[in-house]
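Visitor: I'm in my first year and still learning to read structures. Please choose a single part of this one, take a close look at it with me, and then show me how it fits into the whole.

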Amino acid sequence: MRVVKVATGIHWVDIPEADLRILCGCPADAVKHLMKRGLVVKAEIDGSVCETGPNAILLSDIALQNGEFSNLSEFPILQMLYRQGMILPGHPNNKGTKPLLIGLKEQVAAQLAYLHRGNYGLISQEELVAAGVPLAQARDWMRIKLRFAFGKIRASGDLIDSCIVGESPVLVKPGVSIRRLDLNIYEIRHGADSVVVDLNLDAGETYEPPYPLNYHSLRREYFAVVHSGEGDGWDVNRPTMSSVLMFQGKIFLIDAGPNLHAVLKSLGISINEIEGIFHTHSHDDHFCGLTTLIRADRRIRYYATPAVRAAVTKKLAALMSIDETGFEEYFEIRDLEIDRWNDVEGLEVKPMFSPHPVETTIFAFRALSESGVMTYAHYADIVSFNVLAQMTTTDAGLPGIAPDLAAKVRQDYLQPADVKKIDVGGGLIHGSAEDFAEDRSRKIILAHTAMDLSNAQRKIGSGAPFGTVDVLIPSVRDYALRKAHSYLTAYFPEVPQHDLEMLLNRPIVDINAETIVLRQGERCDAVTMPLTGLMEVVNNDGDSRYLLSSGTLIGESACLDDRHTTKTYRAASFVKAIVWPADLYRSFIQHNDLMESALATATMRSVFARTRLFGENVSIPVMNRLVRAATEMSVDPGLPVDEGADCLFLIRAGVAERRIEGKVVEVLESGDFFGESMVLHGHRPVGGIVVRAACDLIAIPGAMLRDIPIVRWKLFETYLRRLRLLLAPPGDGAAFPWNADYAVGVPLIDRQHQKLFEIANRVILALDRGHDADIRATMSELLDYNNYHLVEEMKYLEGMSFPEIEHHEEMHKKLISDIFVMKRDLETCDGGRLPMVRSDFVEFFQAWVVDHIFKEDRKFARYLYSGLAE
């Protein structure tokens, strides 16, 4: 058994005797990491050239770690199917076996749904029409989709096998077993050998890019394109095809590929600088960086056609197992009209249809200058003219593209631009450089390829190394000053403009990347405000650090107190900043009678900034609003904290415990928080908080936190982790103990839920004893009583005129189906499979508690009591 730690959160387990190669952990660019380590290489088998690589993937227990996707199996699965040849007809590696997904039931199910959306996007004419596509156009697009799909939309299970893992060892292949030891910790055993794989990320740890990126200093231009990626999903040396668009000093992204956080840091762009993203389509190499954009303190604008947005939303919802409406909680939706010039605050953008397996548009951008209109065209992803010709058919009953639509696509592709970046990845779903040999664009950039350009291609188009810039309309003003004015106005809203001008009358200085701006223990002789770029804070414990976005006042608190600083501040990228001598800044504060409020606000901000929840990418203006709205309270030891209000509690000092039925399940200390269940979902969490050592708490209104995407995202992450912790089977007693915190507040429903718990415990008891008759009897009782309960629940909902009754009824149908399948599996399994089926039942029942009680039933309880309150 060979074990390799490939990169942060990625391991490789190779068992040659069993022909099993497991990729353990599959965050973004996992395949590129394998390539860099020589674990995926070119090979020749019986005359066929292919790649080596994994044939199984072990998934993370949780979809998110430290704000990033943990399970992105799209490209690893594609590598197995096509680059290894597992699905190719006649290929020596096509032996009838499929790629294997290993993991918890909910994560495997989420991956299969996400892969289905990644393969096809919107999967029916009805879904296209629901996304706003006219019926005739939806028919045309569906024919194209079916051509790429070789005539049929196939379920993910047709292409991929799965193995559900629980507490007991599960046989993956003859002689190889795997079992789950703890959250994200697995043991893989082969004969006498075994290995333990830990997929957890430490606090503050992130998945690393497979390529190094140098620092770049970018001037904010009037209209310019920064080339932030020219590779594809297989290029180990470059980020995937993307661009950063500057317009009037504002920053927009075109697509969000892997390692976006590293790309932006290298370019000196903070998340909070980004105005919006223009999105071409939903394939992972253009999609999986969306979580980086969620890590902003405001909703970033999302520009796409409704069809692209719908495909992206469905894929994200499948990946995260969340409702599709959740997308709008993190982004400000700005739909674009296809084939029309859309005005985006002076910048015009025209999305155009491009044939691809998923809904895709290419973009043209234009802006007016003194010399006329200047244009940039971003063409990802496109299809070659040769493939387009092969797809063209006059038979409307066959998969393919109509001649008139094919002609329009070709015409759109060849529209000249001042700068045009094109996909030249080749194959069945990407473009060809040769198609643009006669293109009249002033400059063509060839991208979306991992291959070296041929001499013929080099005659057609240019390259664009990472960080290079094409300035279409140069700026004659310094947009950094506009940012300075905006930040200061937010800091000091009541200070007269003429006093702010005194602070603005300072030169803008350049700070090199990795420069220490203020060192721990030094007396602060200046206050620094970064206007562009990122700063890094190293805490005084030396073990933790976090990033600060532009607009932060570095050294303010130490300056006003005239004391030594307690942290070290470094430039994490090239930075442009305004620096005020300490005496000047103190004079400004004193002149405007702000000393007392500034000190109090700065002190409280410092408390917030030391926490995981608020320490990253929350700008000072947003932090100030939170500080002003927060209230402080002290709680003595032994007393409970009521979590019934719509607020989050931050522990400033002290120790608290979460207890369930008197048992301590989590200890919370300074910097920790609780109350996310009320803030996110409007219901109390399981268990209660009791103070162990006197606590100073800060209560923050939930409504404010829900409007801060990065905070909401971290609360969601924490909620999922705690839910899994709270639902972990106890070491003794009943497998599913009823807890008063499970109550939804409707006595009839609560009694029936309690009865279901009682029956489920008897199912577990029968499984543990291995009595076939008892297993069948208890499962039949569970199915019958659940059917009775759901009928009673629907009567209750009809009587209260619950507005979401149709959705609730659909959930009931799914639950009945799932219990029936579980009953069949339990009744037909042999004794050797009982431990695995027991684990499946535990997983199923826990998911029922989460999805049906915590999420669905509490909706109608809130509806009922809100109506009574009125």
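**A close look at one phenylalanine**

Guide: Let's start at F363, which has a relative accessible area of 0%. The cut-off for buried is under 20%, so F363 is a buried residue. Keep in mind as we go that this is a predicted model.

What kind of partners can a ring like this have? The structure holds 27 aromatic pairs. In one of them, F363 is matched with F278: the ring centres are 6.0 Å apart and the planes meet at 65°. An angle over 60 degrees counts as edge-to-face, so that is the name for this pair. Now find the two residues along the chain: F278 belongs to strand β18, which covers residues 274-278, while F363 belongs to strand β23, which covers residues 361-369. With their positions 85 residues apart in the sequence, the pair links distant parts of the chain. And is F278 buried or exposed? F278 has 0% relative accessibility, so it is buried too.

For contrast, try the pair made by F608 and F614, whose ring centres lie 5.0 Å apart with 35° between the planes. Planes under 30 degrees apart would be stacked and planes over 60 edge-to-face, so this pair falls in between and is called tilted. Both of its members are hidden as well: F608 is buried at 0% relative accessibility, and F614 is buried at 1%.

Back to our starting point. F363 and F278 belong to one aromatic cluster, together with F252, Y303, F365 and Y376. If you pick out those six residues in the view, you can see the cluster for yourself.

Next, let's step outward through some loops, beginning with Q248. Q248 sits between strand β16 (242-247) and strand β17 (250-254). Its phi is near 50°, a positive value in a residue that is not glycine. The relative accessible area of Q248 is 23%, so this residue is partly exposed. E345 makes a good companion: it lies in the loop that runs from β21 (342-344) to β22 (347-353). E345 also has a positive phi, about 50°, without being a glycine. At 38% relative accessibility, E345 is partly exposed.

A little further along is another backbone detail to look for. The peptide bond between A380 and D381 is cis, with omega about -5°. D381 is in the loop that connects strand β24 (372-379) with helix α10 (385-391).

Where can you find a loop residue that is buried? One of them is S619, in the loop between α17 (595-609) and α18 (620-629). Its relative accessible area is 11%, under the 20% limit, so S619 is buried. Leaving aside residues up to four places away in sequence, S619 touches N272, D297 and S549. S619 and G103 are 516 residues apart along the chain, and their C-alpha atoms are separated by 38 Å.

L59 is another buried loop residue, at 0% relative accessible area. Its loop joins β6 (56-58) to β7 (64-65). Beyond its sequence neighbours up to four places away, L59 has contacts that include C26, L101, I102, V108, Y186 and L199. From L59 to F820 is 761 residues in sequence, yet 27 Å in space, C-alpha to C-alpha.

Finally, let's zoom out to the whole protein. The chain contains 25 helices and 40 strands. Its radius of gyration is 29 Å, close to the 29 Å that the globule rule gives for 870 residues, so the protein is as compact as a globular protein of that length. Along the principal axes, the C-alpha atoms fill a box of roughly 85 × 75 × 60 Å. Of the 870 residues, 57% count as buried. Among contacts with a separation of 6 or more, 71% are between residues 24 or more positions apart.

The outside has its own numbers: the accessible surface is about 34900 Å², and carbon and sulfur atoms account for 50% of it. As for charge, there are 92 positive and 117 negative side chains, and the centres of these two sets lie 2 Å apart.

Notes:
Residues numbered from 1 in each chain as written. Predicted model: local features only at pLDDT ≥ 70, side-chain atom pairs only at ≥ 80, totals over all residues. Heavy atoms only, no water. Helix = DSSP H or I, 4+ residues; strand = E, 2+ residues; numbered from the N terminus. Rg over C-alpha atoms; globule rule 2.2 N^0.38 Å. Buried < 20%, exposed > 50% of the residue type's maximum accessible area, 1.4 Å probe, protein only. Contact = heavy atoms within 4.5 Å. Areas by Shrake-Rupley, 256 points an atom, 1.4 Å probe, with all protein chains shown as cover. Lys, Arg positive; Asp, Glu negative; His and termini not counted. Charge placed at Lys NZ, Arg CZ, Asp CG, Glu CD. Phe/Tyr/Trp six-rings, centres within 6.5 Å; stacked < 30°, edge-to-face > 60°.
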